[in-house]
Amino acid sequence: MKSNIKANLDSLQLSDVYSLMFFLLYKLQDTPEYATLSEMCYLLDAGNMTRLLTYFAGKTITIPKQEEFVILVNALLLYQRVNIQGESLVDAQAKATKKLTAKQREQVQEMYLKIIPIINQYNIDRSQINKYERSR
């Protein structure tokens with residue numbers, strides 16, 4: 001029996017080991033929020049999984065739905081075309097949202113209008129992003 005377990009453990013890849021550890025943590029702690037952590041090990045490499053744990057340890061995060069992300073990306077594309085490249089709003093909407101449904105186009109327009117004051121209010125400076133990571 002021991003040699004069978006050893007053979008199984010020896011055949012695991014690093015992502016499998018992390019997944020097994022998170023599965024055990026879920027079972028030992030009986031914390032439902034830990035249930036999907038073992039699956040994340042197959043989406044992130046070991047370094048990124050470790051960074052995720054470092055940054056979000058003990059916190060609950062909510063991942064947006066894919067639909068929400070699609071709306072945001074299209075709203076940002078609309079912002080880029082209108083506010084950075086100088087296209088008219090009508091032309092930019094036609095290009096940026098042509099593959100979207102009418103409802104999605106409306107959502108993009110609403111989000112675009114919300115993005116404008118946010119971007120104008122904050123200095124989005126690439127040199128400040130991940131400043132902590134670079135200082136280590």
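Where is aspartate 30 found? Aspartate 30 is in the loop between α2 and α3 (37-40). Keep in mind as you go through the views that this is a predicted model.

**Figure 1. The whole chain is built from helices, with eight helices and zero strands.** If you walk along the sequence, you meet the pattern α-α-α-α-α-α-α-α. The chain has 136 residues, and 17% of them count as buried. Now take the contacts between residues at least 6 apart in sequence: 49% of these join residues at least 24 apart.

**Figure 2. Aspartate 30 sits in the loop between α2 and α3.** Have a look at the backbone here: aspartate 30 has a positive phi of about 55°, although it is not a glycine. Is aspartate 30 buried or exposed? Its relative accessibility is 64%, so aspartate 30 counts as exposed.

**Figure 3. An aromatic pair joins phenylalanine 23 and tyrosine 26.** The count for the model comes to one aromatic pair. A pair of aromatic rings is described by the distance of the centres and the angle of the planes. For phenylalanine 23 and tyrosine 26, the ring centres are 6.5 Å apart and the planes meet at 50°. Stacked would need planes under 30 degrees apart and edge-to-face over 60, so a pair that falls in neither group counts as tilted. That is why the rings of phenylalanine 23 and tyrosine 26, at 50°, make a tilted pair. Both residues belong to helix α2 (residues 14-29), and because they are three residues apart there, about one helical turn separates them. Phenylalanine 23 has 40% relative accessibility, so it counts as partly exposed. Tyrosine 26 is partly exposed too, with a relative accessible area of 24%.

**Figure 4. Serine 19 is another residue of helix α2 to zoom in on.** Buried means under 20% relative accessible area. Serine 19 has 10% relative accessibility, so it counts as buried. Which residues does serine 19 touch, not counting residues up to four places away in sequence? They are Ser38, Cys41 and Tyr42.

**Figure 5. Aspartate 45 caps the N-terminal end of helix α4 (residues 46-56).** To find the cap, look for a side-chain oxygen of aspartate 45 that lies 3.2 Å from the backbone nitrogen of glycine 47. Then follow the chain along the helix: just after α4 comes glycine 58, with a positive phi of about 80°.

**Figure 6. Helix α5 (residues 66-84) packs with helix α6 (residues 89-96).** Two packed helices are described by the angle between their axes and the distance between the axes. For α5 and α6 the angle is about 140°, and the axes are 9 Å apart. The crossing of α5 and α6 is right-handed. On the α5 side, the contact is made by Asn74, Leu78, Arg81 and Val82. On the α6 side, the residues are Leu89, Ala92, Gln93, Lys95 and Ala96. How many residues of the contact of α5 with α6 are nonpolar, polar and charged? The split is five nonpolar, two polar and two charged.

**Figure 7. Serine 88 is found in the loop between α5 and α6.** The side chain of serine 88 reaches the backbone nitrogen of aspartate 91 at 3.1 Å. Serine 88 has 36% relative accessibility, so it counts as partly exposed. You can also trace from serine 88 to leucine 78: the two are 10 residues apart in sequence, and their C-alpha atoms are 10.0 Å apart in space.

**Figure 8. Threonine 97 is found in the loop between α6 and α7 (102-121).** Its side chain reaches the backbone oxygen of glutamine 93 at 2.5 Å. Is threonine 97 buried or exposed? At 5% relative accessibility, threonine 97 counts as buried. Leaving out residues up to four places away in sequence, threonine 97 touches Arg105 and Val108.

**Figure 9. Glutamine 109 is found in helix α7.** Not counting residues up to four places away in sequence, glutamine 109 touches Leu78, Leu89 and Gln93. You may remember Leu78 from the α5 side of the contact with α6, and Leu89 and Gln93 from the α6 side. Glutamine 109 and leucine 78 are 31 residues apart in sequence, while from C-alpha to C-alpha they are 8.4 Å apart in space.

Key
Residues are numbered from 1 along each chain as its sequence is written. This is a predicted model: local features need pLDDT of at least 70, side-chain atom pairs count only at pLDDT 80 or more; totals for chains, interfaces and linings use all residues. Side-chain values use heavy atoms; hydrogens and water are left out. Axes are lines fitted to C-alpha atoms, for helices over the stretch in contact, and angles run from 0 to 180 degrees between N-to-C directions. Helices (H or I, at least four residues) and strands (E, at least two) are DSSP runs, numbered from the N terminus. A crossing is left-handed if the near helix is turned anticlockwise from the far one by less than a right angle, and right-handed if clockwise. Contact means heavy atoms within 4.5 Å. Ala, Val, Leu, Ile, Met, Phe, Trp, Tyr, Cys and Pro count as nonpolar, Asp, Glu, Lys and Arg as charged, and the others, Gly among them, as polar. Rings of Phe, Tyr and Trp (its six-membered ring) pair if their centres lie within 6.5 Å; planes under 30 degrees apart count as stacked, over 60 as edge-to-face and the rest as tilted. Buried means under 20% relative accessible area, exposed over 50%, partly exposed in between (1.4 Å probe, protein chains only). A polar contact is a pair of N or O atoms within 3.5 Å; within protein, one must be able to donate a hydrogen and the other to accept it, and residues adjacent in sequence count only if both atoms are side-chain atoms.
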